[in-house]
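Biologist: Please take a close look at one buried part of this model and what packs elsewhere, giving the cut-off behind each term as you go.

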Amino acid sequence: MSLDVFVSFDGQCRDAVAFYGTVFDTTPTALMTYADNPEADAVAPEDRDRILYAGLPVGGHVLMFSDCPYDPTGTQYVPGNNIALTFGSTDPEEIEQAYRRLSDGGQVLMPLGRTFFSEQYGMVRDRFGIIWQLSCSAE
């Protein structure tokens, strides 16, 4: 079981990861663009060079980062509201239970389902406005 922090940006992720790497004297363990996604055929051209995932080890934890997909309306990314807590487990029942409980009175942002990076993945904004990413992966 793990609880980590996920921070989103609007095209500045690569610069932010480089900055935080300098601050904490560390280097990314992973850096994947949207074009690197195994399902990249569905990626919009303006998203191809944006960061889909970056992991940066800090203080015994991995800070996770990404760029939001390009949004010409500017409504998807809101500075200050761009941090999510990420709950990870190898137990699918634990993920399902947390997902159901967090969804109660909240808003489902992404239904729980299989992705290329997780056996089960979903995203919820709970009743208090906190965004949660839930991910079940094999050990």
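**Threonine 115 and the nonpolar cores**

Modeller: Leaving aside residues up to four places away in sequence, threonine 115 touches Met110 and Tyr121, a contact being heavy atoms within 4.5 Å. This is a predicted model, in which local features need pLDDT of at least 70 and side-chain atom pairs count only at pLDDT 80 or more, while totals for chains, interfaces and linings use all residues. Residues are numbered from 1 along each chain as its sequence is written, and side-chain values use heavy atoms, with hydrogens and water left out.

Threonine 115 sits in the loop between E6 and E7, where strands (E, at least two residues) and helices (H or I, at least four) are DSSP runs numbered from the N terminus. Threonine 115 counts as buried because its relative accessibility is 17%, and buried means under 20% relative accessible area with a 1.4 Å probe and protein chains only.

Burial also enters the largest nonpolar core, which has twelve residues, including Val7, Phe9, Cys13, Ile51, Leu56, Phe65, Cys68 and Tyr77; such a core joins buried Ala, Val, Leu, Ile, Met, Phe, Trp, Tyr and Cys residues through side-chain atoms within 4.5 Å. At least two residues of this core come from each of E1, helix H1 (13-23) and E3, and E3 gives the largest share, four residues. Within this core, tyrosine 77 touches Phe9 and Cys68, and also Ser8, Asp10 and Asn82, again not counting residues up to four places away in sequence. A second, separate core has nine residues, among them Ile95, Tyr99, Leu102 and Trp132.

Notes:
Buried means under 20% relative accessible area, exposed over 50%, partly exposed in between (1.4 Å probe, protein chains only).
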